[in-house]
Amino acid sequence: MKSQPLEIERIRADFPILKKRVHGKKLVYLDNAATTQKPRSVVEAIGNYYTKHNANPHRGVHQLSIEATEVFDGSRKKIGAFVGATDYDEVIFTAGATESLNLVRYGWGSPNVAEDDLIVLTMMEHHSNIVPWQLLAAEKGARIEFVRLTGNGRLDMEHFEELMEQSPALVAFTQCSNVLGTINDTKELCARARQAGATTVVDAAQSVPHMAVDVKEMGCDFLAFSGHKMLGPMGIGILYGRKEKLQEMQPFKSGGDMIKEVHTTGARWNDLPYKFEAGTQNVEGVVGLSAAVDYLQALGMDSVREHERELVSYALGRMNDAPGVTIYGPQDPSERGGVISFNLGDIHPHDIASILDEEGVAVRSGHHCAQPLMESLGIPAATRASFYVYNTREEVDALMDALAKARRIFCI
Ligand SMILES: Cc1ncc(COP(=O)(O)O)c(C=O)c1O
């Protein structure tokens with residue numbers, strides 16, 4: 001069934017910040033891969049929680065604590081279902097994708113990865129999906145191999161296959177690159193890695209906000225994402241884990257709530273998912289993320305994806321026609337998410353971003369926490385425009401006008 005087009009003007013009205021002016025110009029917010037703006041419903045849900053239900057969940061028998069527990073646990077079911085996790089026990093609240101990946105590194109990696117084991121990553125990973133595994137490899141004496149990329153920014157599947165033949169212990173990869181925009185076939189990668197006997201970790205920080213994701217269909221062991229990149233608050237994220245894996249794992253953080261009983265001689269861990277949720281939790285984050293999921297579900301994830309695909313197609317067309325622009329990643333918009341990283345001549349990306357900012361256009365410049373990828377592209381940095389549900393073609397035009405100004409200033 002064809003997805004319904006998004007009603008952009010109605011959506012924009014839900015985001016008061018989009019009315020802001022920057023340096024006297026209309027704000028054009030194109031830094032959504034870093035963090036997205038929040039609709040009024042998310043902000044109001046948090047306010048409503050604090051004014052009507054606030055208490056510490058799971059801790060009291062009084063009415064407010066019961067209400068806070070209902071909000072907290074009810075949100076877990078909804079957020080889990082959003083990514084196809086039908087079992088409540090498989091959805092762990094964390095501080096974000098980074099913490100989710102660290103939980104796997106400590107909880108699963110430390111007890112299961114041994115000396116000389118192989119960990120397979122890809123050249124398009126964010127530092128959050130590299131550094132934890134480097135620390136693990138250093139701790140265990142394991143080795144890491146990075147799947148190379150093809151010239152058009154896709155994974156080199158022949159190299160991936162060669163690495164699978166070496167029976168890796170762990171294979172960790174992104175579903176969507178935060179720099180190239182490349183969307184990887186996670187179902188195929190998980191199936192092949194599993195066949196090779198590996199545990200699979202999917203970094204979904206740039207995919208769950210932008211497309212329909214189903215962990216069961218994908219067949220991953222772990223999947224990590226952050227709330228703030230999908231209209232929710234900062235400081236909240238999810239680790240989905242296959243139950244058998246989570247059961248065999250050690251806690252990552254310890255303290256209150258993650259135990260069944262504590263004696264002077266030791267402690268027994270709580271059941272899933274609480275075993276991994278030590279201390280008072282970020283309930284306002286959970287409430288906000290739950291409201292963000294409601295918002296995205298009302299739009300429909302297929303419609304979200306189609307809107308971004310169309311916008312990226314338009315932006316790629318305009319950028320390809322502009323002199324001096326080098327675009328990284330696949331050219332086919334159906335192979336990529338809503339990010340476009342580029343360089344303009346040899347102008348430093350920070351200069352580009354500053355000129356764009358003067359025109360009200362917010363983009364990101366730098367290495368985008370993907371230095372190995374930058375090295376493999378032979379560049380120190382790039383400028384990145386990233387889109388979301390409220391962005392329009394007119395905003396792509398504003399980006400192009402601002403780039404034309406940069407070209408004039410630098411005489412390109
Ligand atoms: C692909 C990818 N993975 C992981 C992360 C880390 O997310 P967070 O900083 O929310 O933990 C990011 C953030 O930019 C990302 O783009």
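**Reading the domain interface and backbone**

User: How much area is buried between domain 1 and domain 2, and what share of this area do carbon and sulfur atoms give?

Analyst: The two domains bury about 2400 Å² between them, and carbon and sulfur atoms give 62% of this area. Three residues of domain 1, namely Met301, Leu373 and Tyr388, supply 26% of what domain 1 buries against domain 2, more than any other three. Bear in mind that this is a predicted model.

User: Where do the two domains run along the chain?

Analyst: Domain 1 is made of two stretches, 8-30 and 300-409, while domain 2 covers 43-297. Their C-alpha centres lie 28 Å apart.

User: How many residues of each domain are in contact with the other?

Analyst: Contact is counted from heavy atoms within 4.5 Å. On that basis, 31 residues of domain 1 touch 30 residues of domain 2.

User: How many salt bridges are there between domain 1 and domain 2?

Analyst: To count, a side-chain nitrogen of Lys or Arg must be within 4 Å of a carboxyl oxygen of Asp or Glu. The count between domain 1 and domain 2 is one. Glu335 and Arg154 form a salt bridge in which the closest N and O atoms are 3.2 Å apart, so the pair meets the 4 Å cut-off.

User: How many residue pairs are in polar contact across the interface?

Analyst: There are 15 such pairs between domain 1 and domain 2, with both residues at pLDDT 80 or more. On the domain 1 side, the elements that give two or more residues are helix 11 (301-321), strand 14 (339-344) and helix 13 (371-377). Helix 13 gives the largest share, six residues. Sorted by class, the domain 1 side has 16 nonpolar, eight polar and seven charged residues.

User: How does the radius of gyration of the protein relate to that of a compact globule?

Analyst: A compact globule of 412 residues would have a radius near 22 Å; the protein has 22 Å, so the two agree. Along the principal axes, the C-alpha atoms fill a box of roughly 75 × 55 × 40 Å. The protein has 14 helices and 17 strands.

User: Which backbone angles should I check?

Analyst: Most peptide bonds are trans, and most residues other than glycine have a negative phi. The exceptions can be taken one at a time.

User: Which peptide bond is cis, and where does its proline sit?

Analyst: The bond from Leu272 to Pro273 is cis, with omega near 0°. Pro273 sits in the loop between strand 12 (266-269) and helix 10 (283-299).

User: What is the phi of Ser167, and what is that of Cys411?

Analyst: Ser167 has a positive phi, near 50°, and it lies in the loop between helix 6 (157-164) and strand 7 (170-174). Cys411, which is not a glycine either, has a positive phi of about 55°. Cys411 belongs to the segment after helix 14 (393-409).

Methods:
Residues numbered from 1 in each chain as written. Predicted model: local features only at pLDDT ≥ 70, side-chain atom pairs only at ≥ 80, totals over all residues. Heavy atoms only, no water. Domains from an automatic or database assignment. Buried area = accessible area lost by both parts, 1.4 Å probe. Polar contact = N/O pair within 3.5 Å; in protein donor to acceptor, adjacent residues only side chain to side chain. Helix = DSSP H or I, 4+ residues; strand = E, 2+ residues; numbered from the N terminus. Nonpolar A, V, L, I, M, F, W, Y, C, P; charged D, E, K, R; others polar. Rg over C-alpha atoms; globule rule 2.2 N^0.38 Å.
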